[in-house]
Amino acid sequence: MNFKIYYKMSILIKNIQLNNQIKDILIEGQHIKKIDDTISLQADKIIDGRHKAAVPGLTNGHTHAAMTLMRGYADDMPLMPWLEEKIWPLEQKLTEDDVYWGAKLACLEMIKTGTTNMVDMYHFFAGTARAVDEMGIRAMLTYAGFDFELHTKAETYKKEVKQYFESMHQYSDRIHFAMGPHAIYTVSKKLLMWIKDFAADNGLKIHTHLSETPGEVKDSIKKTGLRPVEYLESIGLLNSNISLAHCIYLNDTEIKMLADNGCQVVHNPASNLKLSSGNNFRYKDLKNAGVTVALGTDGTCSGNNLDMYETMKLASLNGKAAWNNPTIWNAEETFKTACEPAQELTGFKTGKIEETYLADISLIDLNLPEMTPNFNLISNLVYSANGNCVDTLICDGKILMENRHVPGEEEILKQATRVAFDLIKR
Ligand SMILES: [Zn+2]
């Protein structure tokens, strides 16, 4: 008989600022094992936490990772011409290898800016899954669904979804599979219903874009007689397993429907501002109704970077300006919005530095001008810092970046650049 000994790697972080106190944090395997004033135990790796602060790894609640390849390719256009004339034609030429390098670049950027968890929706699922697996972060990955009311497209999509779902055993448990219908204006009712049933049968979450522009609301009413949230409710898609990106144009009835059904909403301030989709996201009303609000960057074609620190600042400042109220989106609440919805949104127990949580932790460099003086760490993180304040990143109990260096980063920049320039020449 063979006996296997599973050895758990341990990391001990000494004397680090955690919630305004100085603590030691012990990580064993994938989890945070112990937090105390002093921990005197041996560990495989000891990190000196002096002049650093520990904060949870952030969750990017909505992105299209491989779009990093198109960063800066088409800016300053309205949403629909931007999609129809620039993005979708270029995406027709993508290959799985392109998506792999684009997603590697996205993961690298996320690691360097403190994000350990993302919700992704894109083409060539296997390319993104392989990249995330290798890079060591977590993700809830969806395969973007479109059928444009065409039966053959719907059938191909169903077949591919089944294949990707069945292929999940080959990836790490840091990756969760979910359903990703693109939007109600690109996916037929029939396919949406199939997606709903497939998700329910297999215990999967669903992520989609919703109510991003006034035109989408107008078209939904014209086509179905219902506003977007009402339409999803009418076909049984609203429940606690669905998260909705954007949701800028909601009326009171729709907010109540989202709350009653336990749906999550992902706000993408950079994308909404840049595409002028709307700056009146109803954060306060959603929150008062009990809806979980998370933050996302959207793809780097519309938000241009994947820095959740910048996203926090934009959400807060834009929210204050839009509602003429400096007290909403306060620093503490904004920071929590980037961390704590992780479990509800993606199913991973992350977003807090507490014993039993998964060990997804950023170590912030406090010896930076923008972090000085350190009266209020969270205020500095939301309003003053950017993602470059992250010195060391741990995900799933493994160090992915130390002293701002990620192993292999030079090769990723080189390959992603090669693939991006090749793509636009095709
Ligand atoms: Zn999007």
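**Exercise 1. The buried side of α3**

Task: In this predicted model, find which residues of α3 are buried and what covers them.

Solution: Begin with the burial cut-off, which is 20 or more other C-beta atoms within 10 Å. Going along α3, the buried residues are Phe-125, Gly-127, Thr-128, Ala-129, Ala-131, Val-132 and Met-135. Next, look at what surrounds them: the cover includes the helices α2 and α4 (151-166), together with β7 (115-122), β8 (138-145) and β9 (175-181). Finally, step just past the helix, where α3 is followed by Gly-136 with a positive phi near 95°.

**Exercise 2. How α2 meets α3**

Task: Describe the packing of α2 on α3: what are the angle, the distance between the axes and the hand of the crossing?

Solution: Take the geometry to start with. Helix α2 covers residues 96-112 and helix α3 covers residues 125-135; they pack at about 35°, and their axes are 7 Å apart. The crossing of α2 past α3 is right-handed. Now list who takes part. From α2 come Glu-96, Asp-97, Val-99, Tyr-100, Ala-103, Lys-104, Cys-107, Leu-108 and Ile-111. They meet Ala-126, Gly-127, Thr-128, Arg-130, Ala-131, Val-132 and Met-135 of α3. Sorted by class, this contact of α2 with α3 has ten nonpolar, two polar and four charged residues. You can now go back to the first exercise: Gly-127, Thr-128, Ala-131, Val-132 and Met-135 are in the contact with α2 and are also buried.

**Exercise 3. The neighbours of β11**

Task: Work out which strands pair with β11, in which direction they run, and what hand the crossover to β12 has.

Solution: Start with β10 (residues 206-210), which is joined to β11 by five bridges, the two strands running parallel. Here His-207 has Ser-243 of β11 as its bridge partner. Then turn to β12 (residues 264-267): three bridges join β11 to this strand, again in parallel. Ser-243 also appears here, with Gln-264 of β12 as its partner. To get from β11 to β12, the chain goes through helix α8 (residues 252-260), and this β-α-β crossover is right-handed. As a last step, check the burial of β11 itself (residues 242-246): five of its five residues are buried.

**Exercise 4. Unusual backbone angles**

Task: Compare Phe-148 and Ser-211: what is the phi of each, and is each one buried or exposed?

Solution: Remember that most residues other than glycine have a negative phi, and most peptide bonds are trans. Phe-148, in the loop between β8 and α4, has a positive phi of about 45°. Ser-211, in the loop between β10 and α6, also has a positive phi, near 50°. Now count neighbours. Phe-148 is exposed because 12 other C-beta atoms lie within 10 Å, whereas Ser-211 is buried because 26 do. To finish, look at the peptide bond from Thr-372 to Pro-373, which is cis with omega near -5°. Pro-373 sits in the loop between β14 (361-365) and α14 (377-384).

**Exercise 5. Placing Asp-219**

Task: Locate Asp-219 and decide how exposed this residue is.

Solution: Asp-219 belongs to helix α6 (residues 214-224). Asp-219 has 14 C-beta neighbours inside 10 Å, so this residue counts as partly exposed. For a sense of position, take Val-55, which is 164 residues away along the chain: the C-alpha atoms of Asp-219 and Val-55 are separated by 43 Å.

Technical notes: Residues are numbered from 1 along each chain as its sequence is written. This is a predicted model: local features need pLDDT of at least 70, side-chain atom pairs count only at pLDDT 80 or more; totals for chains, interfaces and linings use all residues. Axes are lines fitted to C-alpha atoms, for helices over the stretch in contact, and angles run from 0 to 180 degrees between N-to-C directions. Helices (H or I, at least four residues) and strands (E, at least two) are DSSP runs, numbered from the N terminus. A crossing is left-handed if the near helix is turned anticlockwise from the far one by less than a right angle, and right-handed if clockwise. Two residues are in contact if their C-beta atoms, placed from the backbone, lie within 7 Å. Ala, Val, Leu, Ile, Met, Phe, Trp, Tyr, Cys and Pro count as nonpolar, Asp, Glu, Lys and Arg as charged, and the others, Gly among them, as polar. Two strands pair if DSSP finds at least two bridges between them. A crossover is right-handed if, with the strands pointing away from the viewer, the path from the first strand over the helix to the second runs clockwise.
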